[in-house]
Amino acid sequence: MNVPHKGSFNCAGFSAVAASAIFNICFNYLGKLLLILLHQLYTWYHVIGTHFRGSSNVKKLLRTMFKTEHLDLKSRVSTYEKVPNHLSIIIGVESPSYKDFTKLIVWCVQSGIPHISFYDHYNGIDCKLLFVSICEDAKQYIPYIKWGKSFSEDFKELSKTQINGYSWKPMLTVHIYHKDDGINMILKSVPDVINSGIESLDVKELDTFLRKYINAPDPDFALICGDVFSYFGFPPWCLRVTQFKLLTTHHNLTVEAFLEQLEEFSACKQRWGK
């Protein structure tokens with residue numbers, strides 16, 4: 001019998017250990033390579049599938065995002081002392097972003113803000129484009145929206161066709177103002193003033209006549225979008241009690257930035273001209 005001497009080298013044992021180690025390394029490498037390959041295949045499958053089903057997937061994603069934001073936004077706003085009764089978005093030197101207008105409308109519904117108005121001194125806000133944007137990204141909120149005087153009756157009827165079985169429970173009125181609205185509303189009020197038979201007219205009475213054509217409370221909070229602090233010709237009689245805030249841009253506005261504005265408004269004390 002050949003008995004290996006103490007300290008002798010066992011070639012067969014070393015070869016077996018070495019082979020096992022090499023096998024394990026190769027197996028692990030090939031396993032990782034296979035997992036990477038499968039991951040890449042799944043990614044391409046997902047990309048191709050998204051290409052053909054992109055519209056529905058994007059809408060589902062947006063609905064999920066709005067639902068998640070709804071929970072966070074509602075809980076945050078409930079801790080604020082107050083929210084605006086009428087939020088005005090004044091577009092300065094920017095171009096209107098309908099995607100961001102849609103987000104603001106959704107957030108106002110969720111926050112319990114009853115009125116929102118959009119004003120562009122270039123008169124560049126299109127009612128139809130705003131409606132299309134809402135239908136694409138937040139159609140489920142249409143039953144909670146009431147369209148103001150700036151929207152035609154035909155447009156309002158079209159809006160009703162999008163509700164699809166849901167009852168109309170308006171929580172937010174959407175207004176769009178133009179630069180010439182101020183003069184036009186005054187001109188419309190003149191016959192009412194004449195026919196009323198009053199001999200003198202004070203500010204309070206004038207406000208009563210104008211209110212008929214404004215159909216909204218005075219904005220108590222206005223976000224001026226851009227780098228110029230100006231109301232850009234917004235109807236001035238509506239701004240007597242307005243708290244102004246400069247917002248760098250309304251493009252790509254986040255829900256967190258929106259909540260920060262509401263929080264600042266909640267903390268401010270209205271001086272009522274004092």
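**Overall organisation and the packing of helix α3**

Among contacts in the protein between residues at least 6 apart in sequence, 75% join residues at least 24 apart. The structure is a predicted model, and its chain comprises 274 residues, of which 38% count as buried. The accessible surface amounts to about 17200 Å², with 62% of that area belonging to carbon and sulfur atoms.

The secondary structure consists of 7 helices and 6 strands. Read from the N terminus, these elements follow the order α-β-α-β-α-β-α-β-α-α-β-β-α.

Helix α3 serves here as a detailed example. This helix spans residues 127–137, and its buried residues are Cys127, Leu130, Phe131, Ser133, Ile134, Cys135 and Asp137. An α-helix has 3.6 residues a turn, so residues three or four places apart point the same way. At the start of α3, the backbone nitrogen of Lys128 lies within 2.8 Å of a side-chain oxygen of Asp126.

A further aspect of α3 is its packing against another helix. Its partner is α4, formed by residues 153–160; the two axes are 12 Å apart and enclose an angle of about 5°. Because angles under 35 degrees count as roughly parallel, α3 is roughly parallel to α4. On the α3 side, Cys127, Lys128 and Phe131 make the contact, while α4 contributes Phe155, Leu158 and Ser159. By character, the residues of this contact comprise 4 nonpolar, 1 polar and 1 charged. Two of the α3 contact residues, Cys127 and Phe131, also appear among the buried residues of the helix.

Terms used
Residues numbered from 1 in each chain as written. Predicted model: local features only at pLDDT ≥ 70, side-chain atom pairs only at ≥ 80, totals over all residues. Heavy atoms only, no water. Buried < 20%, exposed > 50% of the residue type's maximum accessible area, 1.4 Å probe, protein only. Helix = DSSP H or I, 4+ residues; strand = E, 2+ residues; numbered from the N terminus. Polar contact = N/O pair within 3.5 Å; in protein donor to acceptor, adjacent residues only side chain to side chain. Axes fitted to C-alpha atoms, helices over the stretch in contact; angles between N-to-C directions. Parallel < 35°, antiparallel > 145°, perpendicular 65-115°, else oblique. Contact = heavy atoms within 4.5 Å. Nonpolar A, V, L, I, M, F, W, Y, C, P; charged D, E, K, R; others polar. Areas by Shrake-Rupley, 256 points an atom, 1.4 Å probe, with all protein chains shown as cover.
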